[in-house]
Structure formats: C-alpha cells, structure tokens
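Visitor: Hi, I have a model open here and could use some help reading it. Could we go through it together, one piece at a time?
Guide: Gladly, let us begin once it is on the screen.

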Amino acid sequence: KFIGNWKKNLAHGFGWLEYVNGTYYEGKYEDNCIIEGTLKYFSGTFFSGKFYKESSLFMEGFIRFRDNEEFYGEWAPNGVTVIGHLITLRGEKIYLK
C-alpha cells in the first residue's frame with residue numbers, strides 16, 4: 001500500500017510504500033518511482049541513498065546489514081556494484097577490488 005503525495009494519479013513527492021511482508025520504501029518519489037530515500041527489508045537490513053528512477057535499483061548510498069556491518073558504494077544501472085567499501089563490526093574498512 002502507498003501512503004503519500006500524488007500527481008496525475010502517480011506517486012510524486014514524499015511517500016511510503018509497504019509490502020505485505022513488512023518491507024518498505026520511504027522517501028522521495030517521482031512519476032511513481034522512488035528516487036531517494038530508504039528501503040528497509042523485513043529482515044532488518046536497510047539501504048539509504050539514491051535509486052535509479054527506471055528500475056528502483058540502488059544508485060549510491062549505504063547498506064546497513066542486520067549484524068550492523070555497513071557497505072558504502074555506488075551501483076551501475078544493472079545493479080552491479082561499481083565501487084565501495086565494507087566497514088566491519090571491528091571498524092575495519094575492506095575495499096571492493
């Protein structure tokens with residue numbers, strides 16, 4: 001279900017889209033597509049950043065896994081990670097090669 005702003009019968013502006021399993025997108029929508037905000041999975045893992053409008057795939061931002069490790073990165077339009085690094089629970093940075 002979507003709760004938020006509409007323009008010409010499309011999600012536009014700030015909104016919240018929740019799925020039956022509890023996963024949700026919250027953020028800025030443009031022409032029915034999220035472009036910036038948060039995606040929180042029912043597992044507790046979440047992504048915060050920018051999305052590609054055409055696909056809602058990650059563009060740039062960070063993922064916090066449910067074990068609290070974090071990955072900061074940029075993704076290509078096809079979803080492949082382009083650049084990034086993981087910060088472990090001990091604070092170590094592991095760079096993508």
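Visitor: I clicked on E60. What is its relative accessible area?
Guide: This is a predicted model, and in it E60 has a relative accessible area of 35%. Buried means under 20% and exposed means over 50%, so a residue in between counts as partly exposed, and that is the class of E60.

Visitor: Which strand is E60 in, and what does it touch?
Guide: E60 has its place in strand β6. Leaving aside neighbours within four places in sequence, E60 is in contact with F47, S48, G49 and K50, and also with G73, E74 and W75.

Visitor: How far apart are E60 and G84?
Guide: Along the sequence E60 and G84 are 24 residues apart, while in space the distance from C-alpha to C-alpha is 9.4 Å.

Visitor: Now E70, please. Is that one buried or exposed?
Guide: E70 counts as buried, because its relative accessibility is 12%. E70 lies in strand β7, which covers residues 70-75, and, not counting residues up to four places away in sequence, E70 touches F62, I63 and R64 as well as H85, L86 and I87.

Visitor: H85 is in that list. Where does H85 lie?
Guide: H85 lies in strand β8, residues 81-87, and is buried, with a relative accessible area of 17%. Leaving aside neighbours within four places in sequence, the contacts of H85 are E70, F71 and Y72, together with K93, I94 and Y95.

Visitor: Let me step back a bit. How many helices and strands are there?
Guide: The chain has 0 helices and 9 strands. Of its 97 residues, 30% count as buried, and along its principal axes the C-alpha trace spans about 45 × 25 × 15 Å.

Visitor: What about contacts that reach far along the sequence?
Guide: Among contacts between residues at least 6 apart in sequence, 4% join residues at least 24 apart.

Visitor: Which residues make up the largest nonpolar core?
Guide: That core has 12 residues, namely F2, A11, Y25, Y29, I34, L39, F47, F51, F58, I63, F71 and W75. The elements that give two or more residues to this core are β3, β4, β5, β6 and β7. As a general point, nonpolar side chains in soluble globular proteins tend to be buried together.

Visitor: I see plenty of rings in there. How many aromatic pairs are there?
Guide: The count comes to 13 aromatic pairs. One of them is Y25 with F51, whose ring centres are 5.8 Å apart and whose planes stand at 65°, so this pair is edge-to-face. Y25 lies in strand β3 and F51 in strand β5, so the pair ties together parts that are 26 residues apart in sequence. Y25 is buried, and F51 is buried as well.

Visitor: And what kind of pair do F46 and F62 form?
Guide: F46 and F62 form an edge-to-face pair, with 5.9 Å from centre to centre and 70° between the planes. This pair links distant parts of the chain, since F46 is in strand β5 and F62 in strand β6, 16 residues apart. Both F46 and F62 are buried.

Visitor: Last one: which residues form the aromatic cluster?
Guide: Y19, Y25, F47, F51, F58, F71 and W75 form one aromatic cluster.

How values were computed. Residues numbered from 1 in each chain as written. Predicted model: local features only at pLDDT ≥ 70, side-chain atom pairs only at ≥ 80, totals over all residues. Heavy atoms only, no water. Phe/Tyr/Trp six-rings, centres within 6.5 Å; stacked < 30°, edge-to-face > 60°. Helix = DSSP H or I, 4+ residues; strand = E, 2+ residues; numbered from the N terminus. Buried < 20%, exposed > 50% of the residue type's maximum accessible area, 1.4 Å probe, protein only. Contact = heavy atoms within 4.5 Å. Core = buried A, V, L, I, M, F, W, Y, C linked by side-chain atoms within 4.5 Å.
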